[in-house]
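This report goes through some local features of one protein model. Have the sequence and the 3D view at hand while reading.

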Amino acid sequence: MMINFLVQMLLTVCLVGQHCVLSEDKTSVPPFNHRKQEIKSVIQNNRTKSQQTDEGFNLLFQSNTEELLDVPVAFENPLPEWLTGNLVRNGLGMFEIGPRTFLHAFDGFAKLASWKFSGNSTVLFSTKFIKSDFYRASKKAKTIAPYLLFQSVEPAFSWLERLQCLMRGLDNMNVNILSFRNAKNGQPEYAALSDFWLVYKIGLENLTTEYKVSPKFISRNGNKWLSGKAFLDLLSSAHPLPEPGTQNYLTFLSSVSMLPLTKSIISLVRINSLKRRSVVAKWEVDRVPYMHSFSVTKTKAILLASPFYVNVFCMARKAEPFSCLDWYPEENGTLYVINLKSGKVRTISIQNVFSMHHVNAYDINNRKIIMDLSTYTSPNFVRFLQLKVLRDPVERNSFDAHARLRRFYIDLKRLQVHEIDLPPFPVQSLASKLDMPVINESFRSKKYCFVYGLVLKTDNVSLTNIAIVKKDLCNNGTGDIAWQQPGHYPVEPWFVPRPGGTSEDDGLLLVPVLDGQKRQSYLAILDAISLRLINRAYTPTHIPYSLHGRFFANELEVVRFLFISLLFLEGHDNVLFDDKNAILPSRQRNIGMMSQRRIKLNTADSDSDDKLNQTSDNGFNLLFQSNSEELLDVPVTFEKSLPSWLKGSLVRNGLGMFEIGPRTFLHAFDGFAKLASWKFSGNSTVLFSTKFIKSDFYRASKKAKTIAPYLSNQSVSPGFNLIEKLLCLIRGVDNMNVNIYEFRNSNNGKTEYAAMTDVWSVYKIGLENLTTEYKASPKLTSNKNNAWVLGKAFLDLLSSAHPLPEPGTQNYLTFLTSVAVLPWVKSKISLVRINSLKKRSVVSEWGVDRVPYMHSFAVTETKAILLANPFYVNTMCIMRKAEPFSCLDWHPKENGTLYVINLTSGKVMTITIHSFFCMHHVNAYDINDQVIIMDISTYPSPDIINAFQLSVMRDPFARNSFDAQAHLRRFHIDLKNLQVHELQLLPFPVFSLASRLDFPIINENFRSKKYCYVYGLVLKSDNVSFGNMAIVKKDMCYSGTGDRTWQQPGHYPVEPWFVPRPGGTSEDDGLLLVPVLDGQKRQSYLAILDAVSLRLINRAYTPTHIPYSLHGRFFAN
């Protein structure tokens, strides 16, 4: 406490006195013969120099206060599938607030920009300020608040504000961003950095500023280091480097002595986690050098201390660090070489040179090191980055902006350093003038050949002639290349290696660029071998100058990739999966030992029963045969006039193609998604269209001329090889062939249409022309508006292709099942509110030991009901086989579970229900606060899924051997006693045909309410032939007297849709729209049935047959 008090008194005296005695005391300067050189501006206002305005360049140094989150950006060409992760840049965003402005560019308020790559065409752009204490205080004060800066502000701070600057220190982390491993849980933690000890933790998903971190510091013997008492921790590095052979990073810390008889200290520091650091080595120095970066080999760390020293007393007086850095051009610099194992420090003199950025270093042997630097003759370059210079084309063009790439040979035996000429020599190529160096990080601390970087003033005239360059360090410089475009201003690139790449430079360069003419930024993607521009996407707002950044590979994808690789390399099922003690957590081992029956998706025995119907079901197979024809707005003719009120589009989603090239799907549900639509305009003109959903899966398969490796319900024939199965697991499900919905955009109220299946992602569809617009992976936030941690501890697995409207709102509800990645964490089920196509929020979430397969659910006016049948996802099996359907475990002796969720409070009630299998809920409604009625279409087991294998569907004997009839059932849910009772539907005990329906449809105006009628599809209506299909109407209110059936032999309908008549007087007053395949004509038609009587009143044939469609709906105009 006494030392802190004395320090504060010293700072106050220096600030308020006529002069500071200590700062004028020459004994405070180290006793060397030298001439102190003040860094002065050498800008010459020479109007004979380039007069060009460098169109748009100034935008790099003009404020942009706009913040965006997950805005899709469109690349000009398809992206490689392996590019998954986040490119995040840190830099400058705002240069003034209120009356005050910064003087130096490096003081701009920190702002992040990120591009999220998901391995497909959808890339999401975000940009946000780092909400530091400095930023928040400044926004609150409506001016730049007094915190320590690189240079001062205009108007300047008062003496009291300068004192506040010194007490608060530097808080603007605008230089870089890195990820560190948490030493306890192994999770990545992201930190925004500057050249100081403090950092800010960043939430990568939404670029949130989480909290400020002042890392704890312990020595190697575990005792707390006395930092901040006798020493003032001052400078660190914004460029930590990985410690070879560990998951740690290394950095340094310069600590200024506060006691007159004590020397200052430099420490090499190990970053164990975001909050925990330890000393590798420390040594005393007479003066504290300014160092921005350093190098690491496999065994050593190398710090270059140029003769550029911190004048602490000047800083205490002026509170302007940069004007208090003293350059001594006649002195040599010092290399500190530290043994990473022993901590031994060697000191070597090196010629006078200034470097901001080390490139790389590597060991030749135990006593020889190669070190590459980007250098300048002095630090004057940094002075010229003042805002008034950068914003004036004449002034900025007047200084030498070129760096010089230099290689040094360090001899540890003789403690000498020699410079090695880089080829070609003596002629320096443009690539030899780079700064902001970037390499393939896989070659960090190793011998390497290529470095990429930025060259300013490439024509020696205009600073704004900027190039991205590649320097070849191995082949006599023959591989030196440059990329630049006039009026385009790139910043530091980042190298992303291609997985499985065959050379060091096999990968991509990601480069943010400002297009001066368009006054808009874009992300350029360059081929790292040739520096050829291969792709780019403009951002919706310009990005001011960003300093550094990096690409963070998708953490979950990396973990999954490594884990899956391990499983495949094991090569035998019984090693990891049948040995229950191998890697499964205890609760999973218990599941594995349960009495269970795995669903086997084998074809039915075609030799089974001679009594089966021998009919070929003429034309039925067309439902499961490919039709590659696409049509747009082809008029179709109905036999009779249409009602004038029928306006809108009926859109169906389903199966369109079952093979490409040599490969075919095995299961019908895997067919490539294809839409069919009928546009009704209230008159006799109806326009028919049909198009494939151009998913990443579809496009990749068409390009490869075979079915590409993506995750499907079942495998393909010929089967995928091991690598392709691995790709399936990494890419996931991408075939949205089950349903289509409309959602309201919560921001603008517009309607958005989405194709979906039982996974989280969806594809946005343009309804007018059935265009596939983009893939959306909706963002999920909790009901506390905090970002939900998905993709880290959990793998988002299943959702519903049947969202339901939330009563009293314009939102929809769905669910999400998330598998725990960590063995000690339970998996989750979440009830989710769909606010818009891209935005979703958690209503409630709860832990489960096993993840059930659920396809649909029910909603009343106050509750949501999820039915978890004892049909569980075996995640480990999926990882091994890459065939989800063969990895669903049915436990017929177990009960199921009902989860009843209060929509207002989020409270979850759990109720046991007896075992059966349900694909489709019909409806549910409240009797009162404690009683619910729930209707579902059930099967005794999930075996119905087997029936839809293509080999079964295409074989009349095989498909007829299945029991394909559902059982419509009503349940009374007692919330007070947490019990479920089944109610018998009339007539009883004789079930009508209508009681056997699946694909249930109701009048949507009665959703979540008491209702009387449900329509659906009955397969195998004669109990003999699967192809005897009927559309039925079930009367739930009047003892079944209103049950109706419509069917025609050799005609194969699919799920109907009910369209209510405007002004209708009864629940069933309307029309049923039913796509039907006419087997004899081998042509499809749209049937229109009277919903009261199920009488066929109209139909129109389509110009092409429509393969089996699963679900759809009518969107009123």
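Where is the place of asparagine 869? In this predicted model, asparagine 869 sits in the loop between β57 (863-868) and β58 (871-873). Asparagine 869 counts as buried because its relative accessible area is 2%, and buried means under 20%. A polar atom of its side chain lies 2.8 Å from the backbone oxygen of phenylalanine 916. A polar atom of the asparagine 869 side chain also lies 3.1 Å from the backbone nitrogen of cysteine 918.

Arginine 367 is in another setting. The loop between β24 (354-365) and β25 (368-376) holds arginine 367, which is partly exposed with a relative accessible area of 44%. Together with Lys344, Lys368 and Lys413, Arg367 forms a positive surface patch.

Next comes the backbone. Most residues other than glycine have a negative phi, and most peptide bonds are trans. The table lists residues with a positive phi.

| Residue | Phi | Place |
|---|---|---|
| Asparagine 460 | about 65 degrees | loop between β29 (450-455) and β30 (467-472) |
| Lysine 705 | about 60 degrees | just after α12 |
| Leucine 978 | near 55 degrees | loop between β64 (967-974) and β65 (979-983) |

Leucine 978 is partly exposed, with a relative accessible area of 40%. In helix α12 (residues 696-704), the buried residues include Phe697, Tyr698 and Ala700.

Cis peptide bonds also occur. One runs from glutamate 154 to proline 155, with omega near -5 degrees, and proline 155 is in the loop between β7 (153-154) and α4 (159-168). Another joins serine 717 to proline 718, with omega near -5 degrees; proline 718 lies in the loop between β45 (716-717) and α13 (722-731).

Terms used
Residues numbered from 1 in each chain as written. Predicted model: local features only at pLDDT ≥ 70, side-chain atom pairs only at ≥ 80, totals over all residues. Heavy atoms only, no water. Patch = residues over 30% accessible without salt bridge, like charges linked within 9 Å, V, L, I, M, F, W, Y side chains within 5 Å. Areas by Shrake-Rupley, 256 points an atom, 1.4 Å probe, with all protein chains shown as cover. Salt bridge = Lys/Arg side-chain N within 4 Å of Asp/Glu carboxyl O. Lys, Arg positive; Asp, Glu negative; His and termini not counted. Charge placed at Lys NZ, Arg CZ, Asp CG, Glu CD. Helix = DSSP H or I, 4+ residues; strand = E, 2+ residues; numbered from the N terminus. Buried < 20%, exposed > 50% of the residue type's maximum accessible area, 1.4 Å probe, protein only. Polar contact = N/O pair within 3.5 Å; in protein donor to acceptor, adjacent residues only side chain to side chain.
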